[in-house]
Amino acid sequence: VKSPSLPVSAEEINGLPPFCLPDLCHVSMRRPRSHCHSFVMTDLLGLHKFAVCLTYYRKFYALINNEEDGQFSLFSDFVPNSTECYIPNSICLVSNYPYYTVLKECLPVFLLNYLTNQLT
């Protein structure tokens, strides 16, 4: 059985993070709203790949290691003297075809499936 090929190369996959989190990774004290955005990647041959990303925020607990330089450790479970915070995460679907609506409708299903599996 032949394994399915990905619509993008490993190089393109490694280049996705700046597109998935274009506002970088900011720690928030309150949970921001989840949001979707789309973009088109063009390779050297002019071929397009179409992507839709869902950015959602996971709760963590931050414990400051060093107040002078702002370093902190993150924990998924409560730790005494820690502060609740939210970190952005992103799910990105990439396609050879511009099916933005279909891709966007699939993202919440992927997120729910992912979060359900995290709890079990």
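Mentor: A disulfide is a pair of cysteine sulfur atoms within 2.5 Å, and we shall apply that cut-off to this structure, keeping in mind that the model is predicted.

Trainee: Why is Cys 92 not counted as bonded to Cys 53?

Mentor: The closest cysteine sulfur to that of Cys 92 belongs to Cys 53 and lies 3.1 Å away, whereas the rule asks for sulfur atoms within 2.5 Å, and therefore the pair is too far apart for a bond. By this rule the count of disulfides comes to zero.

Trainee: What makes Cys 92 partly exposed?

Mentor: Its relative accessibility is 23%, and since buried means under 20% and exposed means over 50%, Cys 92 falls in between and counts as partly exposed. Cys 106, with a relative accessible area of 29%, is partly exposed by that reasoning too.

Trainee: How do you know whether Thr 55 is buried or exposed?

Mentor: Thr 55, which lies in strand S2 (residues 48–66), has a relative accessibility of 3%, and because the limit for buried is under 20%, Thr 55 counts as buried. Leaving aside neighbours within four places in sequence, Thr 55 is in contact with several residues, among them Cys 20, Leu 21, His 35 and Pro 88.

Trainee: Why is Leu 74 called partly exposed?

Mentor: Leu 74, found in strand S3 (residues 71–75), has a relative accessibility of 39%, which is neither under 20% nor over 50%, so partly exposed is the term that applies to Leu 74. Together with Val 27, Ile 64 and Phe 72, Leu 74 makes a nonpolar surface patch of about 350 Å², and residues in such patches must have over 30% relative accessible area.

Methods: Residues numbered from 1 in each chain as written. Predicted model: local features only at pLDDT ≥ 70, side-chain atom pairs only at ≥ 80, totals over all residues. Heavy atoms only, no water. Patch = residues over 30% accessible without salt bridge, like charges linked within 9 Å, V, L, I, M, F, W, Y side chains within 5 Å. Areas by Shrake-Rupley, 256 points an atom, 1.4 Å probe, with all protein chains shown as cover. Salt bridge = Lys/Arg side-chain N within 4 Å of Asp/Glu carboxyl O. Helix = DSSP H or I, 4+ residues; strand = E, 2+ residues; numbered from the N terminus. Buried < 20%, exposed > 50% of the residue type's maximum accessible area, 1.4 Å probe, protein only. Contact = heavy atoms within 4.5 Å.
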